[in-house]
Structure formats: C-alpha cells, structure tokens
Amino acid sequence: MEAIARTVLQKLSSFAQEEFGVIWNLQDDVQRMRSTVSAIKAVLLDAEAKTNNLQISNWLEELKDVLYDADDLLDDLSTEALKRKLMVGNSILREVQIFFSFSNQIVYGLKLGHGMKAIQKRLEDIAKIKITLQLTDRPLETPIAYREQRQTYSFVSKDEVIGREEEKEFLKSYLLDTNETVNVSVVPIIGIGGLGKTTLAQLVYNDNAVQRYFQQTMWVCVSEEFDIRKIAQKMIGSDKDSEIEQVQQDLRNKIRRKKYLLVLDDVWNEDRELWLKLMSLLMEGGKGSIIIVTTRSRTVAKIMGTLPPFFLKGLDLERSWKLFSRVAFDGGEEPNDRELLAIGRGIVKRCAGVPLAIRTIGSLLYSRNLGQSDWLYFKEVEFSKIDQQKDKIFAILKLSYDHLPSFLKNCFAYCSLFPKGFKFDKKTLIQLWVAEGFIQPSNDNRCEEDVGHEYFMNLLSMSLFQDVTIDDYGDVSTCKMHDLIHDLAQLVVGKEYAMVEGKKGNIGNRIRYLSSRTLSHFAQTPSSSHKLRTFIILGQQLYGSKCLDLLHFHFFLSLKCLRVLTLCGLDIVTIPTSIKELKHLRYLDLSKNHFLLNLPPDVSSLHNLQTLKLSQCFRLKELPSHMNKSLRHLELNECERMTCMPCGFGQLTNLQTLTHFLVDNREGFEMKHMPNGWEESGNPRTQTHFLLDHTEGSEIMCMPCGLRHLTCLQTLPHFLLDCKSISGGIRELSGLNSLRGKLEIKWLDSLRYYAEEVESAKVLLDKQHLQELELRWWNDENEVRNLPLSKSELMFLEFPSADRRKFNQEFCGCGEDENILEGLQPHDSIKKLVIDGYCGRRLPDWIGNLSSLLSLEINNCNALISLPEGFRNLISLKRLRIYNCSLLEIRCARTNGEDWPKIAHIPKVLIPPFTPSLFRWRQPFIFLSITIFLQCLGDWDCLSRATVTAPPSAPPLSTNTRSLLMASTTYNSPPTLMMPKEDLNPLSDTPRTITV
C-alpha cells in the first residue's frame, strides 16, 4: 500500500514541475491531490498494523483501489506528455502537428480534468474516514538495513543439511535391500509442510551408492495436479506435445526390465483410480525397483504405499539449534553473549523442530542485524501472538513477510501469480518487477534492474526463495519457492491478485494482477476486468486448445491499463494493429510463437514498452522500423529467419539487453561490418548487454566502430577482430571496463602488424569483472572457409620460394604473437583463461600473477618450448589442460618432464598425447603448425632426421605448399606413413629422430 502511495506522489510531484500541467490547466488539481495523498500516506503504517479491525481493513481496500485508479490516470497523462516530446521532424513540422491536434488536446484535457476531480473526490472522502478510525501518523518507512550478502547465502544447500543422517540411512536400507521379491515397491514419506520431506528424498536420491545400484533414476515434482501424461513425459524427459498412447509406450520401453528409482515429490492426489492407472505403467520395471512418494496426506500414503510409510519428525532441540546457529550467526559461530543465546534457544524451541521455520526466523534475525533487545521482543511479543493461532508454523513464516519493507512485499506477493513448483528465472522476474513499477528510485543512480537484483537477493537471504541454481560465474540464475511460502504469498495478496486454474474463476472488479492456465474463459470481455495491469498466460500448462483467436485478442486489447502481457507459446500468427491501444504496456512476451511472421508497425507506438521477448519465433522475418526508444530488453534468440535489424535501430538509447544482432549478408570474401551508425544505440549510461549471435553460417566478421563508447556494456561474449582496421579494432575494447562474465577475442593473428601498439595498449588490464577470457589466433573450419586471405598468406601462395627469414617475420609471427599476448594481460581476478593457436615460443610472465585463476587451457600452441617459472605461484589453479602442444607435452611429462615441477601442485593436469592427426590439414594453412614445429627443432643441433606424417584422411599437399614447407626448413625428409612413437625418446636430452 505504502509503495503505490509513494508512486502516485512521485508522479504528482513530477507533473507539478512539467509544462503539461499548465497546458491542460491541471496545476490546482495536481497540488490538491498531492496534499490529500500525503496526509493519507502518513497514517498508512498505523492502518496496516491494525488490519484485524474490519473497518480499517475495508478502508485500506477502498484506498488501495482509488490509488491504483489515480496511478492509471497519471500514467495516461505521462504517456500523452511523452508522445508530445517524441514528435518527429523539425520545429515547424512539430508546430503543425500540434496545431492540427489542438482540438484533440482540448477534448483530452477536459476528459483528464474530469478524471482528476472524480479521483480527488474519492480521496477526500477516504481522508475524512481516517479521522473517525483514529489513525495516527507514523514516521516514514526507512529502507531495511540488510547485511552484506554472504557468499553462500543464508539458505541451507543440500550438502549442508543438518540432522537427517539417521533418516537417510534408514531410507537407504529400503532402497538397497537385495532381497528382491517384487518388481516395484512404493515407500511414502509423510510429514507436515516445511519438515524437509523433499530434502530428505534428495539426499537419498543423490547418494552415490543409490545412483550406482539403480539402472534408471527419475525425479518428478507432481504437486497438486496428478496428470498421468505429464508425469510420464517428465519421466522420459520429453517436452513434446505427444498423445498419451505414444507417451505411455515410450515410458514402458524406457523402464522395461530395468531396476529404477522414481521419486514422486509433493503428491496430493487422493483418487485411487488415477494412481492405479499410473502404477500399471510403472510395473514394467525390473525387480527391486523403488518409488519414493513425499506427501503431507496419510490418505495418499495409504493409497500408494506398498511398504510401511516413513513418518518424518521434527528436529530435536540440539539439531534445531545447530541449524539456527548456521543461519542466524556470522559464519555459524555462536557469539559470546549468554543472554542472547538463551533468548535464541527460546525462539528455536517455539519453532517445533520444523527446519523451514527455523531457517526463516534465523534468516530474519540475521538479515535485520538485530540486537539483544530486538531478539527479546521477538520472543516475548511476536511469538506470543503466534501461540494464539491455530497454525503456528505458518504464523512463524508470516513473521518474515510482516517485517519486509513495502517495496519488498510487492515483489514477494507478485510471485503468487505463478504455480507451486514454478522455476523463476531471476532476470525475467526482475524485468517484471520493473515493468510493474515496484522498484524504488536509487539514490546512487543505479539502474532499476540493479536495484531489482538487490531486492531479489534480499528475499533470498530471508529464505523466501530456495532451490537456487548457480551459473558458471557464481551468480544465482533460477530459484523456486517452498509450497508453504507460496501459500503465504497467496494469503497476503488480498483481492488484487488471482491465478485462474482449469475451472472458470470469478474475476473481481478489484483484481489488478491475473495469471491463467487456460484461454477458454476469456473469449468474452468481463466488464470487471478492465482495470487489469497484468495478464500472464502460463503457456506450458494450458488446458484445452492453446490457439489464440480474434475473440481472445479482443479481450486482451480491451484491457487498457495493462503493464504486462505474456502470450507465450500460443501459436499466434498475426498481431492486430490495435495493439497500439495498450499504451501503458511495459512488458510484452510473444516468445515461442512459432508461426508468428511479423509484428505490426503499430508496436512502435507503445511508447512505454521496456521489454519485448520474441525468442523462438522461428518464422519471424523482421521487426518494425523505428522501434520505440523506451525499449530496454530485446530478446531474439533462435529467430532463424530474421535477416537484418530495422531502420532507426541506432536510436534505441535505453537498450540494455540485445541477444541477437544481424547485418545484411553479402557475397564473396568482402569483410562484413555492422553499420557504423549503430553506436547511437549505446547510451554509455544505459546499454549493458550486447550478445552477438555467432552461429554456424554467420556472416559477421568484425565488430562495429564506436563500441568503446558503451562504457556500461556488461555482456559481450565474442569480439571479432578486423584485419583491415587500425590495430585490428582491438582499441574498441579499451573503454569497456564494465564487461563481466566471458569474453572471447578471435582472429588475433590479424594484429601482428600492430603487435607493438597492442603490447602498449593493455586494453584488458582494468576489466576486473571479467571471469573468463579466451584468446584465439586461428579459427575453426567454418570461419576459415569464409575468411579472406591476409597479406602474408597471399604472399606465400604467390611466392613459393620465400626464404626462411621472411617466413619467420611475416607468417609465423612468433615475436609478434609474444608482443600481442603481453599486451592482452587481464586483471588478476580472472578465473578461466584459454590460449589457442598462439605462435610464440614463451608465455608472458604476467600469467604467474593471476592469483584467482582456477582453470587454464593452452591449445594448439606448437611453438611453445616451456612454461614460465611463475606457474609455481598459481596456487589457486585447479585445472590445467595442454592440448596439441607437441613440445610442451615432452616438457610437462608427468614426474620426469623438465617443467613438471612447475605444475605438480595443480590437482588436475590434462595433457592428451600428441597426435599427428590433430594438426589442421588445410591449405594454405597446413604449413603453419608443421613449419613452426620444425623451426623450433633447429635449436637441437644433433637432430639428424625429422619425418612429417600425414593421416590417411589428409588431402594431398599442393606443389606450392610442399615448396613452402621445404623452403622454410633444412629438413628434406619426404612425407611418409605413420612412424613409431618410440622414435621420440622423452628421456633423452639429444633426440636423433623426431616424427610429426
């Protein structure tokens, strides 16, 4: 409530300073409304603390409704003002446009004035009632002072489960019983919500002995809907929309005569007939197969179980305290404060051994950084209220919600729109919060998405999210909600939120946020739904037909206040032009509509649109020209038929995420560029993502000019160098110090003419957020096929008699590559480094300073003769892989190689045996690897013979290539078939025969 009031006040304050208030004669109305809302807002905290009073509760509902209406009206005014600002053309044209729309402006101003006065009248009536309710002013809510997030967060991961060792071993005895008399046995785990039934099942399921014992292991989260076809599809790992006959046949084939373990998690179905139908399919398994069922219902256990049920109990006091200490105290260490510990033990006792309640309360006490007096208040006051309630565990969980600030309450409540067991994508959830206006302005000029990330992590720290997945860089990618926490979210949302299941639900006139698993109820427009702000179709679990027809579109387009519209996977073919009427729309998800051909130009009229998702619209050919400037996130993954980006794309100055960028294809070997004007799309303060889609057949051969100005760019997976530009375009990286995640730089061989300049530039040294760096000289086969020949390559094709000195200087580039790699020194925080195709003889000394390095790969570097001494300093390095580096293979041979002592401390060293067939036998590049290797052997004066061996599948060498090879080496041995590997004696300091 306080959040929507704050939003309304912010908009009123903004309009008071704008010219538009004067144009529409609204200054007095705006000022009067500001005063009324401010007076009401002052008593909101007091009112929300007294919601047990029915009169106050009803007063709050009326207030909330009028505030939403006020926000919609003010947003309408804001959009109209934005349209005036965005009028294109010169000043004369703008005046003409304003003149001819003057009558419309008068009509709009009158309509707006009536709306403002009607809302002001409702607000004044509500303000009068607050006096009779005896509500008092309270100080403004201050942002919650959360502690800095721990690296492991405050939730307990699966490998940190406390107090379930005995239960785990008991269940394992069921599973590993070798006295197999029946094909399939079912063991139920019964317990109240939050006891850890799922966690216990996960512990057993992931046990190494259990995994080895069963031929098949499968996990299915069933939840409230017991759909046999969906359960079977999850078991076989299929997401195809197949008929039940095909699904059951595939399932039976998968498990037939195999000993399997199946976990059916969170089962609620009490229909015995449904279970017997599923069980008839599961009986195909081999003897000793086990099904674990987790449930809260004894009836479910009785219907499904064949073995005695396992009743899960709460943790004893000692184990409860151990779990509480882990989440409530820094590092799990008890403080030296006896009184605080005594209070804590009293709190833990009230949690009744329920792990979810213990974690939630412990996380709350930790995150708020509360002292002894606060802990005592929790024990004596808050828990005394809980003791009076029937469901004490649920009341304990609600404490966490009650202590959230209003802006986090909105974000938490929003999760009630999604079903139990839903996997939330963090980035998508934050985009939705931004679109709904839940993110408060930041005092430190951070973008709303960064503030949203902080909100998410705060909810996670309170144990309101769980089951997180972590990406390659240690950041949270997805999460889930515990069923009890989801129930809590549905309880606290009141009348504003609704999720429609299979059956038709009543859409009340105060519902603002709606999600549905069906389309069948929305062909006609209910008059009560015109205030909806959010409509989300949960496309993956639709009931009945999922095809979207014109009647459905008529319903959606009648929702004039929509901020969020998700129409994912509905086989949409066309979008009506009337979509422009949804002028409040911020978030539009049309992804997975495989038959969508194009978007109408009217999409460009959605001046508030922030997020547009079109991924997996396989037939989409193009985007509308002149996309709206408000766009922040444009997702185009797997839009395979798109050929180019729209005109005016350079004006998207707020763009943060772009997952796919296309340029026109051209024939021949001409170097491909992105348009030089594109950098206008990169407002240095707003653009944060540029994801280059580098799939097979891609014609993008270099990066655009002006990239260095995007100083806030965060995502740039690939950087392609251009041999035709000065310094190969490497200086475009100089200003991109906000890059994070992975960066791959390709075609570094094009920098050899500018090696000294690259060495001095140090373009990567300040990029402290980078996690992974890949430096590649030569290209894979698909890239080489389209790569234009460089000057040095052409020289060797045209002048086969080139001498060895010229070959060294202009083709091999040993010295130049060493300069280049020296200049590409990354920040010492880098965690993974890949060096591929490097032609230098030595690695730079800076490698020994990479104190955070965890993984290092050195591939296809046949000129390398040794590793630097600094390798001994890489104490964090966990994995070293040396691949196709012929000399290093000898030097790094385990135990007896000269360089082995430098790397012996690394836990995982991978050095595959050097194999001739690993060379890239392509022309004109074939002589590169061979010649570098042979030249490097020139230091071994006693070498008497070197044999080059081609694999049977290698193409014959051309005359030019043979001449080049012979001209560049003193060894004239003709190519032969494979020679014995024993000719190369790694123990000898003076080898006499080398076979390549």
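**Exercise 1.** In this predicted model, locate Thr895 among the helices, and then decide whether Thr895 is buried or exposed.

*Solution.* Begin with the chain: Thr895 lies in the loop that runs between helix H30 (886-891) and helix H31 (900-903). Next, look at the backbone, where Thr895 has a positive phi of about 75° although this residue is not a glycine. Finally, turn to the accessibility: the relative accessible area of Thr895 is 65%, and the class exposed begins over 50%, so Thr895 is exposed.

**Exercise 2.** Find the loop that holds Gln616, and work out which accessibility class Gln616 belongs to.

*Solution.* The first step places Gln616 in the loop between strand S14 (611-613) and strand S15 (633-635). The second step concerns the backbone, since the phi of Gln616 is near 65°, which is a positive value in a residue other than glycine. In the third step, the relative accessibility of 24% is compared with the cut-offs: buried means under 20% and exposed means over 50%, with partly exposed in between, and therefore Gln616 counts as partly exposed.

**Exercise 3.** For the open sheet of three strands, give the strand order, and explain why one side of S6 and of S7 is left without a neighbour in the sheet.

*Solution.* Start with the order, which is S6-S8-S7, with antiparallel pairing. Strand S6 (424-425) and strand S7 (466-470) stand at the edges, and because each has a single partner strand, one side of each has no neighbour in the sheet. To follow one pairing in detail, note that S6 and strand S8 (residues 476-480) pair in the antiparallel sense over two bridges, and that Asp425 stands opposite Thr478 in S8.

Key
Residues numbered from 1 in each chain as written. Predicted model: local features only at pLDDT ≥ 70, side-chain atom pairs only at ≥ 80, totals over all residues. Heavy atoms only, no water. Helix = DSSP H or I, 4+ residues; strand = E, 2+ residues; numbered from the N terminus. Buried < 20%, exposed > 50% of the residue type's maximum accessible area, 1.4 Å probe, protein only. Pairing = 2+ DSSP bridges.
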